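Thanks for passing this one along. Here are my notes, point by point, so you can follow them with the structure open beside you.

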Amino acid sequence: MEFTPWTLFTDFGFISLLLIVGTLLRAKLRVAQFLFLPASLSAGLLGLLLGPNGYGIIPFSNNIGMYTGILTAIIFGSLPLGAPKTPIKGIMNRVSIMWAYAQSLTILQWGGGMLFALLLLKLAWSDLPNGFGLILAAGFVGGHGTAAAVGEAFSDHWEDAATLGMTSATMGIICGIVGGLILIKRSTVKGDTSFITNFDDLPNELRTGLVPKEERKSLGESTVSSMSIDPLAFHLSFIGIIAVGGYYLSQWGTALFPAVSIPVFSTAFIVGLLLNKLLRLIKADNYVDKKVVDRISSGSTDLLVAFGIASINLSVVVDYAVPLALLLLFGLLYILVFVYFIAPRMFKEHWFEKAIFSWGWATGTVAMGIAFLRIVDPEGKSKTLDDYALAYVGVGILDILIVSVAPVLIMTGQHWLFTIVSVLLGIGILLVTRWQGWWEKPTSHQQKRSTM
C-alpha cells in the first residue's frame, strides 16, 4: 500500500472510532467497569482483532507500527516542558524513602528480567536474543511508550522486539488490573487498608469512566490570547518543535557515530530540557501551562497504546509464547515481593496505599496506579501521589538513561555488564536504606485504620 497523507488520515480516523467504542464499552458494560478497562486498551485489542493482523475488517495501513515511534518522541519530549523548578536537595530530604523504593523496584525489574532470561531462559531456548530480558521492564514498569522506544532502538538488529514489547505492556496492564483488584479485595478483608473497609464503596465515575458535571475539572488555562494564536495550537507548536528537534538531533548523532542508533525519544527529551531552560531564561515559562502539556502527552499515550496493540504481530508472539509467559510470570512474582515484603518494612504508615499504587505503575501505567490509589485512598490522605511526583524526578532521569543506554550496550555485546551493574545498584539502594534504619518490622494485618 502506497503511503500518502490520506493514509495517515484514515488510520487516525479508524483508531479514533475504536477509542470512542472503547469509551462506550467502559461506560455501558459491567465487565469493562469491573476490570477498569482503559478505552485505549479496548481500542487496541479491537484493532488487533479487526485489523490486518486479525480478521482484516478494518483497513489499517502497514505503517501503524511506525506511529508509535513518533508518539513516543512526543511523550518523552513533553516531560520537561512546563515542569516546575524544584531543588533536588529538598526533594531527596522529603521523599527519600519513596525514591529508594521506586528506584530499586524499577532498576531491579530491568536487571532482574535480564538476569532471569540470561541464566534460566537461555538454557532451554539458546537462540533467544541477549536482550530478551529487557522485554519485561520495557512493557511492565515502562509501559507502551517505553516498549515502543526499546523496539525502535532494536529495530535494525531485532525486529521482533517491538511486537514483544507491546505484548508485554498489554499483558502487564491486563494482569495489573486483575491482580490489583484481587489485592485490594484481599487487603480490605485483612485490614491492611487505612481508609476503606469495603471494596464496593467506589464513586461511579471510577467504574464508568464518565465524570458527572459537578465533578469535572478544567483541562488547563489559556496563557495566550486566541486573537493571536489558539492556546492549544500554541502548546502543540512547542511540542512539535521538541519532537522534530529530537529527530534531527538523533540523525546528527547517528551520522557522527554510525555504529550507534540513537533513539529519537531520548534526544527529544534533551531538546525538551533545553527548551524549558530557555523559556525560563527569557521569563516566558509562565506562558506554558503544564496541565495542557500533560493532556497532550496523555492523549498521545492513548493513541500510542491503541496503535501499538493493533500493530502486534501475533505470529511473533506465538514463536516466543512460552519463554515470554515465563518472563512475565517472573515479573509479577517479583512485584509481589515488593508489595508484601519490601513496602510494609520501608513505609512507616499507609504502606498498602503506597504499595498498591506501585503495583499499578510497575505493571504498566501510572494512571492505573492512580486508579487503584483512588479506590483505597479516595481523598488522598496518604500523600502517596505527592511523594511519588517529587521522587519521580530522580527515578525518571535514571529511567531515561536506562532506556537509552541498555539497548546500545546489549547490541554491542555488553549485556552482562548492564545486567550486573543494574542488579548490584538496585540491591545496593535497598541495603543502604536498611543500613540507615529506614526498614522496620511491618505492622500487623489488623492495624488500626486511620480516622483522620
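1. Let me begin with a pair of helices. The axes of H8 and helix H14 (residues 321-346) come within 11 Å of each other and cross at roughly 40°. This crossing of H8 and H14 is right-handed. On the H8 side, the contact is made by Leu 164, Thr 167, Ser 168, Met 171, Cys 175, Leu 183, Arg 186 and Ser 187. H14 contributes Leu 324, Leu 328, Leu 332, Leu 336 and Tyr 340. Sorted by class, the contact of H8 with H14 has nine nonpolar, three polar and one charged residues. Please keep in mind that this is a predicted model.

2. Now the overall picture. The secondary structure of the protein chain comes to 18 helices and zero strands. The chain has 452 residues, and 50% of them count as buried. Among contacts in the chain with a separation of 6 or more, 80% are between residues 24 or more positions apart.

3. Back to H8 for a moment. Ala 162 sits in this helix, which covers residues 160-190. Is Ala 162 buried, exposed or partly exposed? Its relative accessible area is 33%, so Ala 162 is partly exposed. Ala 138 is 24 residues away from Ala 162 along the chain, and the C-alpha atoms of the two are separated by 10.0 Å.

4. Asp 11 deserves a look. This residue is found in helix H1 (residues 5-28), and Asp 11 is buried yet has no salt bridge. How far away is the nearest side chain of opposite charge? That side chain belongs to Arg 295, and it is 25 Å away from Asp 11. As a reminder, side chains of opposite charge can pair when their charged atoms come close. Not counting residues up to four places away in sequence, Asp 11 touches Pro 59, Phe 60, Ser 61, Ile 64, Tyr 67 and Phe 307.

5. One of those partners, Tyr 67, is worth following up. Tyr 67 is in helix H4 (residues 64-78). Its relative accessibility is 9%, so Tyr 67 counts as buried. Tyr 67 and Asp 11 are 56 residues apart in sequence, while their C-alpha atoms are 9.9 Å apart in space. Leaving aside neighbours within four places in sequence, Tyr 67 is in contact with Phe 3, Thr 7, Leu 8, Asp 11, Ser 61 and Phe 307. Ser 61 and Phe 307 also appear among the residues that Asp 11 touches.

6. How many salt bridges does a search of the whole structure find? The search finds one. In a salt bridge, the side chains of Asp 294 and Lys 290 meet at 3.5 Å, N to O. Both residues belong to helix H12 (residues 290-310), and because they are four residues apart there, about one helical turn separates them. Asp 294 counts as partly exposed, at 33% relative accessibility. Lys 290 is partly exposed too, with a relative accessible area of 22%.

7. There is a backbone detail to check just before that helix. Lys 283 lies in the loop between helix H11 (264-281) and H12. Its phi is near 60°, a positive value in a residue other than glycine. For context, most residues other than glycine have a negative phi. With a relative accessible area of 66%, Lys 283 is exposed.

8. Another loop residue to visit is Pro 52, between helix H3 (39-50) and H4. At 43% relative accessibility, Pro 52 counts as partly exposed. Pro 52 and Asn 313 are 261 residues apart in sequence, yet C-alpha to C-alpha they are 9.7 Å apart in space. Apart from neighbours within four places in sequence, Pro 52 is in contact with Ile 58 and Phe 60. Phe 60 is also one of the residues that Asp 11 touches.

9. Last on my list is Ser 404, which is found in helix H17 (residues 384-411). Is Ser 404 buried or exposed? Its relative accessible area is 16%, and buried means under 20%, so Ser 404 is buried. Once neighbours within four places in sequence are left aside, Ser 404 is in contact with Phe 265 and Ser 266.

Note on methods: Residues are numbered from 1 along each chain as its sequence is written. This is a predicted model: local features need pLDDT of at least 70, side-chain atom pairs count only at pLDDT 80 or more; totals for chains, interfaces and linings use all residues. Side-chain values use heavy atoms; hydrogens and water are left out. Helices (H or I, at least four residues) and strands (E, at least two) are DSSP runs, numbered from the N terminus. Buried means under 20% relative accessible area, exposed over 50%, partly exposed in between (1.4 Å probe, protein chains only). Axes are lines fitted to C-alpha atoms, for helices over the stretch in contact, and angles run from 0 to 180 degrees between N-to-C directions. A crossing is left-handed if the near helix is turned anticlockwise from the far one by less than a right angle, and right-handed if clockwise. Contact means heavy atoms within 4.5 Å. Ala, Val, Leu, Ile, Met, Phe, Trp, Tyr, Cys and Pro count as nonpolar, Asp, Glu, Lys and Arg as charged, and the others, Gly among them, as polar. Lys and Arg count as positive and Asp and Glu as negative; His and the chain ends are not counted. A salt bridge is a side-chain nitrogen of Lys or Arg within 4 Å of a carboxyl oxygen of Asp or Glu.
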